[in-house]
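Me: I would like to work through this structure step by step. Please reason through each reply before giving the value or name that I ask for.

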Amino acid sequence: MPKEKHTEIIVKSLIESLNKRHMEGQFFKTKDELISYLKEEIKSGEKIASGGSVTLKELGVIDHIKGRNDVNYLDRNNAKDREEVLELMREAFTCDSYFLSTNAITRDGVLVNIDGNGNRLSALIFGPKKVYVICGTNKICDDVDSAYNRVKNIASPPNCIRLDKNTPCAKTGKCENCLSPDCICNQVVFTRNSRDEGRIKVLIVDGEWGY
């Protein structure tokens, strides 16, 4: 089908660009293919952490990790208070594998992300031995400008609504460049290259996943 062929052309070029940026890219047509890959990729005994992500939940990644009794998953949902949550966020830097999604990715392989606390993007930048960035083809953008616009006006407002944040975008549906105490757009990170070859693995799944 023309639409599927078009997607394959875009993703093939994107993966080639990721490889040039020393990031490993892979394409999966279904979420079942992704989970089958992770079953082999995640090794017994690993310590694993993840960022908050609708994409990971929708694709069944979190359920898969939680369902494995041979790994140590640092699950923030089990924390008894905010202090324990923060301790788990800090411990994530010593993980074998860290899982997150990306708010956007350009056709030439630049990851574009906005974060509130900064723990998710800190782990992307440094700490965990391996980082798995999982996203749908809906997050592919033409360039950095369109990717940044996507993050601000397509990804962030519904995330603020989901998290019950008292921000202008949760009311207007678009970024108002706020400085609200509830702002989830405190850090902006453009990942254009990986110093450690293959540390960042970008797993792209066909379809619309997450925000």
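Me: Which residue meets Lys129 in a salt bridge?
Reply: In this predicted model, the two side chains come together with an N to O distance of 3.3 Å. A salt bridge requires a side-chain nitrogen of Lys or Arg within 4 Å of a carboxyl oxygen of Asp or Glu, so this pair qualifies. The partner of Lys129 is Asp96.

Me: How many residues apart in sequence are the parts that this pair ties together?
Reply: Lys129 lies in the loop between helix 6 and strand 7. Asp96 lies in the loop between helix 5 and strand 4. The pair therefore ties together parts whose separation in sequence is 33 residues.

Me: Is Lys129 buried or exposed?
Reply: The relative accessible area of Lys129 is 58%. Exposed means over 50%, so Lys129 is classed as exposed.

Me: Which residue meets Glu16 in a salt bridge, and what is its relative accessible area?
Reply: The side chain of Glu16, which is partly exposed at 40% relative accessibility, meets that of Lys12 at 2.9 Å, N to O. The two are four residues apart in helix 1, and so are separated by about one helical turn. The partner is Lys12, which is exposed, with a relative accessible area of 53%.

Me: Which residues are linked with Glu87 in a network of salt bridges?
Reply: The side chains of Glu87 and Arg90 meet at 3.0 Å, N to O. Glu87 and Arg90 are three residues apart in helix 5, and are therefore separated by about one helical turn. Glu87 has a relative accessible area of 43% and is partly exposed, while Arg90 is partly exposed at 46%. The residues linked with Glu87 in the network are Glu83 and Arg90.

Me: Which strands stand at the edges of the sheet of six strands?
Reply: This open sheet has the order 1-10-7-4-2-3, with parallel pairing. A strand at an edge has a single partner strand, so one side of it is left without a neighbour in the sheet. The edge strands are strand 1 (24-28) and strand 3 (72-73).

Me: What angle does the direction of helix 2 make with that of strand 10?
Reply: Helix 2 (residues 31-41) packs on this sheet. There helix 2 touches strand 1, strand 4, strand 7 and strand 10. Its direction makes an angle with that of strand 10 (200-205) of about 155 degrees.

Me: In strand 7, which residue is the bridge partner of Ser97?
Reply: Strand 4 (residues 97-100) and strand 7 (residues 130-136) run parallel and are joined by four bridges. In strand 7, the bridge partner of Ser97 is Lys130.

Me: Which strands stand at the edges of the sheet of four strands?
Reply: Here the order is 8-5-6-9, and the pairing is mixed. Each edge strand has a single partner strand, so one of its sides is left without a neighbour in the sheet. The edge strands are strand 8 (140-141) and strand 9 (187-191).

Me: Which element gives the largest share of the largest nonpolar core?
Reply: This core has 29 residues, and Val133 is among those that touch the most other members. Beyond its neighbours within four places in sequence, Val133 is in contact with residues including Leu111, Leu124, Ile200 and Val202. Elements that give two or more residues to the core include helix 5, strand 7 and strand 10. The largest share, five residues, comes from helix 1.

How values were computed
Residues are numbered from 1 along each chain as its sequence is written. This is a predicted model: local features need pLDDT of at least 70, side-chain atom pairs count only at pLDDT 80 or more; totals for chains, interfaces and linings use all residues. Side-chain values use heavy atoms; hydrogens and water are left out. Two strands pair if DSSP finds at least two bridges between them. Contact means heavy atoms within 4.5 Å. Axes are lines fitted to C-alpha atoms, for helices over the stretch in contact, and angles run from 0 to 180 degrees between N-to-C directions. A nonpolar core is a set of buried Ala, Val, Leu, Ile, Met, Phe, Trp, Tyr and Cys residues joined through side-chain atoms within 4.5 Å. Buried means under 20% relative accessible area, exposed over 50%, partly exposed in between (1.4 Å probe, protein chains only).
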